[in-house]
Amino acid sequence: YQDSKWLNDNYEELKKEYAGRAIAIINQDIFHSDEDYIKLLDFLRENDIDPGEIFVEVFPEDDVAYIL
């Protein structure tokens, strides 16, 4: 819960800094980031971290628009 609240509180700043990247948040800090979501998950597993146990967020590129 604390990591999701931290992400929410810092979302706009993080979105600018990590545009186009996936981030892993542990203890209200960026543990690791990568441009490739799968590579981020692989990095976590290689470091004995279960991606299902931490908070992972993906930020789109700044110039990407989604039509819903």
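# A chat about a small predicted chain

Modeller: The accessible surface of the chain is about 5,000 Å², and 45% of that belongs to carbon and sulfur atoms (Shrake-Rupley method, 1.4 Å probe). This is a predicted model, where local features need pLDDT of at least 70 and side-chain atom pairs count only at pLDDT 80 or more, while totals for chains use all residues. Residues are numbered from 1 along each chain as its sequence is written, and side-chain values use heavy atoms, with hydrogens and water left out.

Colleague: Thanks! How many helices and strands are in the chain?

Modeller: There are two helices and three strands, in the order α-β-β-α-β from the N terminus. These are DSSP runs: helices are H or I with at least four residues, strands E with at least two.

Colleague: And what share of the 68 residues is buried?

Modeller: Buried residues make up 31%, buried being under 20% relative accessible area with a 1.4 Å probe, protein chains only.

Colleague: New topic: where is glutamate 57 found?

Modeller: Glutamate 57 sits in strand E3, residues 55-58.

Colleague: Which residues does glutamate 57 touch?

Modeller: Leaving aside residues up to four places away in sequence, glutamate 57 touches Leu7, Tyr11, Arg21, Ala22 and Ile23; contact means heavy atoms within 4.5 Å.

Colleague: What is the nearest side chain of opposite charge to glutamate 57?

Modeller: That is lysine 15, 9.9 Å away; glutamate 57 is buried yet has no salt bridge. A salt bridge needs a side-chain nitrogen of Lys or Arg within 4 Å of a carboxyl oxygen of Asp or Glu. Lys and Arg count as positive, Asp and Glu as negative; His and the chain ends are not counted.

Conventions: Buried means under 20% relative accessible area, exposed over 50%, partly exposed in between (1.4 Å probe, protein chains only).
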